[in-house]
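Open the model in your viewer and keep the selection box handy. We will go from one stop to the next, and at each one I will say what to pick and what is there.

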Amino acid sequence: MKVVVVDDEKGIVDGLQKMIGRYIPECEIVGVAYNGMEGVKLIQERHPDIVITDIRMPQADGLDMIQMLKE
């Protein structure tokens, strides 16, 4: 399964990448983004099966990102 991680804290992104790589080998991180606007673009390009996102981020939060993708 393809996974995209969207979070504004690099430490969180790095930690999630390590945990997923180690404990869920059937999942592949296909991209990371550090705000909701980057996340929208990345998700539209990569078409992941799973998106892990933070709610509170600069430029567009996780809920705004989801709304933009729905539209």
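Start by selecting Lys10 and Asp14 in helix H1: they sit four residues apart, which means that about one helical turn separates them. Helices here (H or I, at least four residues) and strands (E, at least two) are DSSP runs, numbered from the N terminus. An α-helix has 3.6 residues a turn, so residues three or four places apart point the same way. Draw a distance between the side chains, and the closest N and O atoms of Lys10 and Asp14 come out 2.9 Å apart, a salt bridge. That term asks for a side-chain nitrogen of Lys or Arg within 4 Å of a carboxyl oxygen of Asp or Glu. By this rule the count comes to one salt bridge. Colour by accessibility and Lys10 counts as exposed at 51%, whereas Asp14, at 28%, is partly exposed. The cut-offs are under 20% relative accessible area for buried, over 50% for exposed, and partly exposed in between (1.4 Å probe, protein chains only).

A word on what you are looking at: this is a predicted model, in which local features need pLDDT of at least 70 and side-chain atom pairs count only at pLDDT 80 or more, while totals for chains, interfaces and linings use all residues. Residues are numbered from 1 along each chain as its sequence is written, and side-chain values use heavy atoms, with hydrogens and water left out. Colour by pLDDT, the predictor's confidence in each residue from 0 to 100. The protein chain averages 94, and 100% of the residues score at least 70. Confidence is highest in S1, at 98, and lowest in H3, at a mean of 92.

Next, select Asp7, in the loop between S1 and helix H1 (10–23). Which side chain of opposite charge is nearest to Asp7? That is Arg56, 11 Å away, and Asp7 is buried yet has no salt bridge. For this search, Lys and Arg count as positive and Asp and Glu as negative, with His and the chain ends not counted. The side chain of Asp7 does reach the backbone nitrogen of Glu9, at 2.8 Å. This is a polar contact (a pair of N or O atoms within 3.5 Å; within protein, one must be able to donate a hydrogen and the other to accept it, and residues adjacent in sequence count only if both atoms are side-chain atoms). Leaving aside neighbours within four places in sequence, Asp7 is in contact (heavy atoms within 4.5 Å) with Ile12, Val13, Ala33, Tyr34, Asp54 and Met57.

Now show the largest nonpolar core as spheres: Val4, Val6, Val30, Ala33, Val40, Leu42, Ile43, Met57 and Met65, nine residues. Strand S1 (2–6), strand S2 (28–33) and helix H2 (36–46) each supply at least two of its residues, and H2 gives the most, with three. Apart from this core lies another, of five residues, including Val3, Val5, Val13 and Cys27. A nonpolar core means a set of buried Ala, Val, Leu, Ile, Met, Phe, Trp, Tyr and Cys residues joined through side-chain atoms within 4.5 Å. Stay with the larger set and pick Val30, in strand S2; Val30 is buried at 15%. Beyond four places in sequence, Val30 is in contact with Lys2, Val3, Val4 and Arg46.

Move to H2 and highlight its buried residues, Gly36, Gly39, Val40, Leu42 and Ile43. Their cover includes S1, S2, S3 and H3. Just before the helix, in the loop between S2 and H2, select Asn35. At 7% accessibility Asn35 counts as buried, and at the start of H2 its side-chain oxygen reaches to within 2.9 Å of the backbone nitrogen of Met37. Asn35 also touches Val6, Met57, Pro58, Gln59 and Ala60, not counting residues up to four places away in sequence.

Last, look at backbone torsions. Most residues other than glycine have a negative phi. His47, which follows H2, has a positive phi, near 50°. His47 lies in the loop between H2 and strand S3 (50–53) and is exposed at 56%. Gln59 has a positive phi too, near 70°. Find Gln59 in the loop between S3 and helix H3 (62–70), exposed at 65%.
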